[in-house]
Amino acid sequence: MSQEVHEPRPQSPIEPVRLGADDAFRFRCHKGIPCFNKCCQNIDIMLAPYDLLRLKKRLGITSRELIDGCTADFTMDGDGMPGLKLATKEGTRECVFLTKDGCGVYEDRPSACRYYALGLLAMRKKDSPTDEDSYFVVKEDHCLGHFEQQTQTVAEYRKSQGLDHYDDMNREWRRVVLKKRSGGPAVGKPSQRSLELFFLASYDLDGFRDFVASQGFGQLFELEPALSQQILSDDEALLQFALRFLKQALFGEITIPVRKDAAERRRERYRAKVEALEREAAARRADEQDDLYDSLDE
Ligand code: SF4
Ligand code: SF4
């Protein structure tokens with residue numbers, strides 16, 4: 001009789017229990033805890049658009065300065081979807097914002113830092129119009145917060161971390177990313193231009209504002225003057241608009257009305273392009289026929 005051998009499996013820090021908003025878990029993080037700052041010394045934190053908005057405001061710098069100085073880029077999928085992570089200090093895995101007193105941007109720390117030691121799982125059932133959020137606890141060896149006496153529900157923890165507003169601002173973007181990544185051939189391979197627009201609208205909010213204020217944008221899209229004024233003066237409104245724009249750029253959903261004359265000009269350009277291609281193909285066919293006759297004459 002053969003004996004089954006069970007190899008020890010690598011320990012995952014994720015507790016295999018799904019929690020709902022009203023479920024309680026044990027955890028407390030505070031300045032006096034011996035592991036204070038440990039979690040910020042070995043980071044791998046992906047940023048969402050609202051994280052960047054808050055950080056650039058906090059630091060009083062432009063989106064471009066924040067991207068260049070405090071983030072590291074990576075690609076989110078095989079199509080080259082651009083992503084950003086929090087940068088680390090040179091030669092370490094320590095967060096660029098970590099100080100000896102703790103987080104240097106605490107009130108504006110990114111969403112992933114707020115969630116820790118919870119993880120979010122947003123899923124949508126087939127034929128359901130809304131996502132269902134569930135949570136799991138992440139227990140890493142260095143984190144002693146799990147041995148503290150405090151328990152709270154997920155909803156209480158989310159409130160204490162100010163997560164509702166962060167999630168409201170980032171939810172639509174996460175849907176766009178998920179749709180793009182899970183869409184496969186149905187969504188199609190993105191063009192270089194659409195990847196650039198994705199970066200601009202997702203991360204470089206000041207650059208996106210200039211783009212919206214440009215003459216070319218105004219010639220193409222029809223915006224209500226009140227909306228135009230609002231998005232040019234309010235970063236949060238601009239970000240919401242950027243996400244509408246992304247759906248149009250990536251998936252062709254008409255979320256922003258296109259000017260009639262601009263649509264007609266586009267159609268004209270498209271027709272001219274098709275006609276030029278047809279002329280080229282006809283000329284090529286004629287050349288091939290001439291070559292064939294020449295070879296028969298020889
Ligand atoms: S932003 Fe703050 S909380 Fe987040 S990893 Fe950096 S130092 Fe830690
Ligand atoms: S308790 Fe956990 S989250 Fe808090 S400082 Fe320690 S390692 Fe970081």
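These are my notebook entries on a predicted model, covering its two ligands, its nonpolar cores, two of its helices and a few single residues.

**Entry 1, the ligands.** I began with ligand 1 and listed what surrounds it: C40, I43, I45, L86, C95, F97, L98, C103, V105, P110 and C113. Sorted by class, this shell has eleven nonpolar residues, with no polar and no charged ones. I then turned to ligand 2, where the surrounding residues are F27, C29, I33, C35, F36, N37, C39, Y116, H142, C143 and G145. Here the shell has eight nonpolar and three polar residues, and again no charged ones.

**Entry 2, two residues of the ligand 2 shell.** N37 caught my attention because it is buried, with a relative accessible area of 11%. I found N37 in the loop between β1 (24-26) and α1, and I noted that its phi is positive, about 80°, although the residue is not a glycine. Y116, which is also listed around ligand 2, leads into a cis peptide bond to A117, with omega near 10°. A117 itself belongs to the loop between α3 (111-115) and β6 (118-123).

**Entry 3, the cores.** Next I asked myself which residues have the most contacts inside the largest nonpolar core. They are W173, F198, Y203, F208, F241 and F245, in a core of 48 residues. At least two core residues come from each of α1 (49-59), α2 (63-70), β3 (82-86), α5 (163-183), α6 (192-202), α7 (205-213) and α10 (235-251), and the largest share, ten residues, is that of α10. Following F241 outwards, and setting aside neighbours within four places in sequence, I see it in contact with F208, V212, F217, L223, L227, I231 and I256. Another core, of twelve residues, lies apart from this one and includes L19, F27, V154 and Y157. F27 is thus a name I had already written down, as one of the residues around ligand 2. For background, I recorded that nonpolar side chains in soluble globular proteins tend to be buried together.

**Entry 4, α7 against α10.** I looked up how these two helices meet: their axes come within 10 Å and cross at roughly 75°. Angles of 65 to 115 degrees count as roughly perpendicular, and α7 and α10 are therefore roughly perpendicular to each other. On the α7 side the contact is made by L205, F208, R209, F211 and V212, and on the α10 side by D235, L238, L239, F241, A242 and F245. By class, the contact holds nine nonpolar and two charged residues, with no polar ones. In α7, I find L205, D206, G207, F208, R209 and V212 buried, and their cover includes α1, α2, α6, α8 (215-220), α9 (225-233) and α10.

**Entry 5, α1.** How many of the eleven residues of α1 are buried? Eight are, and the helix is mostly covered. The buried residues are P49, Y50, D51, L52, L53, R54, L55 and K56, a list that holds charged residues as well as nonpolar ones. After the helix comes G60, with a positive phi near 65°.

**Entry 6, L121.** My last stop was L121, in strand β6, which is partly exposed, with a relative accessible area of 32%. Leaving out residues up to four places away in sequence, L121 touches R18, E132, D133, S134 and F136. I also checked L121 against Q150, 29 residues apart along the chain, and the two C-alpha atoms are separated by 24 Å.

Conventions:
Residues numbered from 1 in each chain as written. Chains lettered and ligands numbered in written order. Predicted model: local features only at pLDDT ≥ 70, side-chain atom pairs only at ≥ 80, totals over all residues. Heavy atoms only, no water. Near = heavy atom within 4 Å. Core = buried A, V, L, I, M, F, W, Y, C linked by side-chain atoms within 4.5 Å. Buried < 20%, exposed > 50% of the residue type's maximum accessible area, 1.4 Å probe, protein only. Contact = heavy atoms within 4.5 Å. Axes fitted to C-alpha atoms, helices over the stretch in contact; angles between N-to-C directions. Parallel < 35°, antiparallel > 145°, perpendicular 65-115°, else oblique.
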